[in-house]
Amino acid sequence: MKSVHRLRRLLGISLLLAPLYCQPASSEENTQTVLIGFAGPLSWPLTQSGQYGVQQAIDEANRNRYSINGKKLVFKLLAIDDKADTAVAGFVAKSMIAAGVTGVIGHWTSAPTTIAAPLYAAAGVPHISASAAAPEFTQQGYNTSFRAIGNSQEAAITIAEFATRELKAKRIAILDDTSAFGTRMADTFADQMRASTELVGRSTVSNKTSDFNAALSQFAASEADLIFFSGYLQRSEDLVRARQRLRVPARLFLTGSVMNPIFLSMTQGVGEGVFAAAPGKPYEEYPQFKTFEKNFTAKFRTSISVYTLSSYDACNTLIAAIRQANSTERHRIVEELHKIRYKGLLGLISFDAGGNLRSPVFTVYRIRERRWVPVKTYEARKSSCASDSHADSTACEEN
């Protein structure tokens, strides 16, 4: 409770300072500041990469010197730490609204994003998450809520197809970290797999623990040939190391949060037989990626993750909607987001009536020689295509 009271005092100070954020960036009468919010657990390296992606989009927009009705737009970032905590997310959302943000990119994890959504909706603030995959976020029905990646159900269906067709898995064990994202994804994966394989184990671990011994011992005893884990990055690292320590032979399938160099450095030498599915196609297939990578690494001197790109795309989509609306009025931007067709780094950004990404794409990767190698790319509900030279090259088939 003390930490919550302290947070309230800090956010109270931010509310008092909110008018400062709304002042023009210069004294010129023809300049208008557009404040874009970013919310998430800012101490997490993966979240930091997303924040940097948003900052990159803002910097590029400012260099392009966009204007509306004769006024030059100056975009600025307001980043607030929600600590991945539902008790904090509401305070952060209120602070964003009071600061006068034109739109928000975030929150990072699914539960805080879902908690914040009704607050943004009540204020009419456009709200795009580039990482929260739980379907509950957009199922609430707010017209201000948008998701710039595929949801966890779509990802689980992709993984189930790959596990069945490509890995030929017959005995499946499922583990989740009890988060909103992890539980829903595990449930969907289980539903998809029951018809074609034998589920030999289903277990959960707290997202606060690193002890996987009991679950892994159970799965090994049941002779599972594939373990699917739906959970966040920190727990995935712990699981990979525990699997190696206990010499569990089953292959391991993880979610997209592990698709970054940090994970590889933390699990050096213990990643063989590890697979993961991440949003979008392999980076190298996007013609704009090399330019983005060069500019990004020169400025931030850090590695890029898939969520760097999805956050960059989400921010650019918001900016495109502002320009398309020719206005910074929130309700007009929301209207344009429902009509937008923006070509992002990870593909076309266009939303259905519920605010979900149309035709999401996922790529399955595996660790080989201490790097992530793409195996197969899936366009949801359309087709799947092999991209790994070691995979079956006949593969472009209807799902």
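## Strand S4 and its neighbours

Strand S1 (residues 31-40) pairs with S4 in the parallel sense, over 4 bridges. This description rests on a predicted model. Within that pairing, Gly37 has Val104 of S4 as its bridge partner. S4 also pairs with strand S5 (residues 127-129), again in the parallel sense, over 2 bridges. Here Val104 stands opposite His127 in S5. To get from S4 to S5 the chain passes through H4, and this β-α-β crossover is right-handed.

In a regular strand, side chains alternate between the two faces of the sheet. In S4, Gly103 and Ile105 lie on one side, while Val104 and Gly106 lie on the other. These four residues are all buried, so both faces of S4 are covered.

## A cis peptide bond after S4

Gly106 and His107 are joined by a cis peptide bond, with omega at about -5 degrees. His107 sits in the loop that runs between strand S4 (103-106) and helix H4 (110-123). Gly106, on the other side of this bond, is one of the buried residues of S4.

## Two residues with positive phi

Asn69 is not a glycine, yet its phi is positive, at about 50 degrees. Its place is the loop between strand S2 (67-68) and strand S3 (71-81). Is Asn69 buried or exposed? Asn69 counts as exposed because its relative accessibility is 67%, and the cut-off for exposed is over 50%.

Ala84 is also not a glycine and has a positive phi, of about 55 degrees. Ala84 is found in the loop between S3 and helix H3 (86-99). With a relative accessibility of 27%, Ala84 counts as partly exposed, because that class lies between the limits of 20% and 50%.

## The largest pocket

Rolling a probe the size of a water molecule over the atoms shows where empty space is left. The largest pocket holds about 390 Å³ of space. Its lining is made up of 16 residues. Which of them lie nearest the centre of the pocket? They are Trp44, Ala84, Asn207, Lys208 and Tyr232. Ala84 is thus named here as well as among the residues with positive phi.

Two or more lining residues come from each of H4 and helix H9 (233-245). H4 gives the largest share, 3 residues. H4 is also the helix through which the chain crosses from S4 to S5. Sorted by class, the lining has 6 nonpolar, 6 polar and 4 charged residues.

Key: Residues are numbered from 1 along each chain as its sequence is written. This is a predicted model: local features need pLDDT of at least 70, side-chain atom pairs count only at pLDDT 80 or more; totals for chains, interfaces and linings use all residues. Side-chain values use heavy atoms; hydrogens and water are left out. Buried means under 20% relative accessible area, exposed over 50%, partly exposed in between (1.4 Å probe, protein chains only). On a 1 Å grid over the protein atoms alone, a cavity is a set of points where a 1.4 Å probe fits but cannot get out, and a pocket is an open set with protein on both sides within 12 Å along at least five of seven lines; lining residues have an atom within 4 Å of a point. Grid points are joined across faces, edges and corners, and a volume is the space filled by probe spheres set on the points. Ala, Val, Leu, Ile, Met, Phe, Trp, Tyr, Cys and Pro count as nonpolar, Asp, Glu, Lys and Arg as charged, and the others, Gly among them, as polar. Two strands pair if DSSP finds at least two bridges between them. A crossover is right-handed if, with the strands pointing away from the viewer, the path from the first strand over the helix to the second runs clockwise.
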